[in-house]
Amino acid sequence: MIGLKKADIGDAEHILEFYQNVINSINGTEFNPKWNERYPNLEYIKTNIEKEELYICTKNSEIIACVVLNNRFDPEYECINWGVNANPNEIIVIHTFAIASDLAGKGIGKEIFGQIKMYGQKNNKKTIRVDIIHGNDGALNVFKRFGFEYVDTVEMFHPAAGLEKFHLFEYDLEKIN
């Protein structure tokens, strides 16, 4: 079993390299988060490490997955009719979730999501939310398989691509037995 752990500042360069490898390997696939050399960048990575919101999974000391978990969201979220009525402190928002391309389809994403759900339940969160940029069909399919429900589509600013359409999804933690 793999485990999520908080990244530390010494991991920052390795995390940047991980994301760059993912970007290079998904070119031309159904996974298209529109990341590039501007995003995610080293400043973004260091900021999220300092806030203790960037998590990594490693195998044989190599980073195999990264995810940012917090309760921050774009202002457009506030105008959405979400399925779960929750205050910001009752929400987990998933950002920049990536798995090493050579490990895609091997159940690692499902394991990580299971840990995110357990974290949410343990910390009295009501819901997990994610926005997926239009055209990232691979991520849409993955989150649907994880049980996320489509909520809406809105235009939001993306650091690498500018104004883009995003599909908003939600996972109701209160429905878990």
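These are short questions and answers on a predicted model of one protein chain.

Me: How many helices and strands does the chain have?
Reply: The order from the N terminus on is β-α-α-β-β-β-α-β-α-β-β. Count the two kinds of element in the chain: four helices and seven strands.

Me: What radius of gyration does the chain have, and what would a compact globule have?
Reply: The C-alpha atoms fill a box of roughly 40 × 35 × 30 Å along the principal axes. For 177 residues, a compact globule would have a radius near 16 Å. The value for the chain agrees with that: 15 Å.

Me: What share of the contacts with a separation of 6 or more comes from residues 24 or more positions apart?
Reply: A contact here means heavy atoms within 4.5 Å. Among contacts in the chain with a separation of 6 or more, the share from residues 24 or more positions apart is 71%.

Me: What percentage of the residues count as buried?
Reply: Buried means under 20% relative accessible area. The accessible surface of the chain comes to about 9700 Å², and 45% of that belongs to carbon and sulfur atoms. Of the 177 residues, the buried part is 47%.

Me: How far apart are the mean positions of the positive and negative charges?
Reply: The chain has 19 positive and 26 negative charges. Take the mean position of each set, and the two lie apart by 5 Å.

Me: How many disulfides does the structure hold?
Reply: A disulfide is a covalent bond between the sulfur atoms of two cysteines. The cut-off for such a pair is 2.5 Å. For Cys-66, the nearest cysteine sulfur is that of Cys-57, 8.3 Å away. The number of disulfides in the structure is zero.

Me: Is Cys-66 buried or exposed?
Reply: The limit for buried is under 20% relative accessible area. Cys-66 has 1%. Cys-79, by contrast, is exposed at 71%. So Cys-66 counts as buried.

Me: Which residues does the cis peptide bond with omega of about -5° join?
Reply: One partner sits in the loop between α1 (12–26) and α2 (42–50), and that residue is Pro-40. The cis bond joins Tyr-39 and Pro-40.

Me: Where does Lys-34 lie?
Reply: Lys-34 is not a glycine, yet its phi is positive, near 65°. Its relative accessible area is 23%, so it is partly exposed. Its place is the loop between α1 and α2.

Me: Is Thr-96 buried or exposed?
Reply: Thr-96 lies in strand β4, residues 91–99. Its phi is positive, about 40°, although it is not a glycine. Its relative accessible area is 6%, so Thr-96 is buried.

Technical notes. Residues numbered from 1 in each chain as written. Predicted model: local features only at pLDDT ≥ 70, side-chain atom pairs only at ≥ 80, totals over all residues. Heavy atoms only, no water. Rg over C-alpha atoms; globule rule 2.2 N^0.38 Å. Buried < 20%, exposed > 50% of the residue type's maximum accessible area, 1.4 Å probe, protein only. Areas by Shrake-Rupley, 256 points an atom, 1.4 Å probe, with all protein chains shown as cover. Lys, Arg positive; Asp, Glu negative; His and termini not counted. Charge placed at Lys NZ, Arg CZ, Asp CG, Glu CD.
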